[in-house]
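Open the model in your viewer and keep the sequence panel beside it. This tour goes from the whole chain to a few selections.

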Amino acid sequence: MSKLNLHAPDVAVLRFVNDLNLRAPDVTVTDSQVALNYLKEGNLRFVNDIPMPRNTNKADMEITKNGQKPFAVILTCADSRVSPEIYFDQKMGDIFVLRNAGNVADPSVIGSIEFAVGALGAPLIVVVGHSKCGAVYSAYSGKKDFWPALQNVLDGIRENVKDSPNAEQGMLHNVCCQVDKIKANAVVMEKGATVIGADYDLETGEVRFHEGC
Ligand SMILES: [Zn+2]
């Protein structure tokens with residue numbers, strides 16, 4: 001994992017290799033660096049407003065109707081502004097997406113990751129937090145007046161953010177805690193999947209990847 005290159009390619013390179021990024025859904029990606037490059041290049045396309053050429057939805061369904069081979073699992077927040085298929089500029093069948101408030105690796109998420117890694121062979125898992133995350137800010141505040149199920153979620157996040165100097169640092173630490181939890185999963189370890197953290201900037205659209213915590 002330490003060999004992963006987390007730096008985004010520059011736009012000139014991106015334009016040159018753009019056609020190479022149009023992965024066919026029936027091609028299996030087993031290299032986590034290749035998978036990460038797809039995400040980095042996709043985010044660079046998104047930030048620069050040069051999305052990949054797209055099939056129609058009907059054509060994409062025809063291509064993917066008999067199976068899926070996603071190259072990455074993305075755990076991110078349920079916030080309506082944080083849609084990974086959009087900010088990574090990916091198509092149907094490309095990424096296996098899990099979302100909830102505060103991008104928490106709860107038992108249902110861990111079970112879904114076991115499926116994506118164990119059965120579908122996804123080589124890369126990325127936990128993506130984001131700036132101004134309402135779940136993290138609420139957890140950081142320590143308020144206790146939310147509805148019961150929501151309070152339970154926030155109490156779990158609170159443990160990861162309470163010692164941070166501010167909510168934005170708390171967001172990053174919460175991502176790292178979820179990364180650690182996923183790394184400890186037996187299926188993830190057995191399959192040798194790579195797990196890294198990242199954060200999405202609501203103002204710029206940029207995703208920054210973090211190998212360590
Ligand atoms: Zn959020």
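The stops below run from an overview to a strand, a helix and a loop.

**Whole chain**

Show everything as cartoon. This is a predicted model. Count nine helices and five strands. From one end of the sequence to the other, their order is α-α-α-β-α-β-α-β-α-α-α-α-β-β. Colour by burial next: 37% of the 213 residues come out as buried. Now draw contacts with a separation of 6 or more. Residues 24 or more positions apart supply 73% of them.

**Strand E4**

Select residues 194-200, strand E4. How many of its residues are buried? Seven of the seven are. Show side chains to split the strand by direction. Thr194, Ile196, Ala198 and Tyr200 point one way, while Val195, Gly197 and Asp199 point the other way. Both sets are buried.

Add the partners of E4. Strand E3 runs parallel to E4, joined by seven bridges. Look for Ile125, which sits opposite Val195 of E4. Then add strand E5, residues 207-210, which is antiparallel to E4 and joined to E4 by four bridges. Here Gly197 has His210 as its bridge partner. Follow the backbone from E4 to E5: the two form a hairpin with six residues between them. Stop at Gly205 in the turn, where phi is positive, about 80 degrees.

**Helix H6**

Move to residues 134-141, helix H6. Highlight Ala135, Val136, Ser138, Ala139 and Tyr140, which are buried. What covers them? The cover includes strand E1 (72-77), helix H7 (148-161) and helix H8 (167-183). Just after H6, click Gly142, another positive phi, near 80 degrees.

Keep H6 and H8 and hide the rest. Their axes come within 9 Å and cross at roughly 110 degrees. H6 is therefore roughly perpendicular to H8. On the H6 side, select Val136, Tyr137 and Tyr140; on the H8 side, Ala167, Gly170, Met171 and Asn174. This contact has five nonpolar residues, two polar and no charged.

**Gly121**

Last stop: the loop between helix H5 (107-119) and strand E3 (124-130), which holds Gly121. Is Gly121 buried or partly exposed? Gly121 counts as partly exposed because 15 other C-beta atoms lie within 10 Å, and burial takes 20 or more. Beyond neighbours within four places in sequence, Gly121 is in contact with Thr28, Thr30 and Lys69. Finish with a distance label from Gly121 to Ala72: 9.0 Å between C-alpha atoms, for residues 49 apart along the chain.

Terms used:
Residues numbered from 1 in each chain as written. Predicted model: local features only at pLDDT ≥ 70, side-chain atom pairs only at ≥ 80, totals over all residues. Buried ≥ 20, exposed ≤ 12 C-beta atoms within 10 Å, placed from the backbone. Contact = placed C-beta atoms within 7 Å. Axes fitted to C-alpha atoms, helices over the stretch in contact; angles between N-to-C directions. Parallel < 35°, antiparallel > 145°, perpendicular 65-115°, else oblique. Nonpolar A, V, L, I, M, F, W, Y, C, P; charged D, E, K, R; others polar. Pairing = 2+ DSSP bridges.
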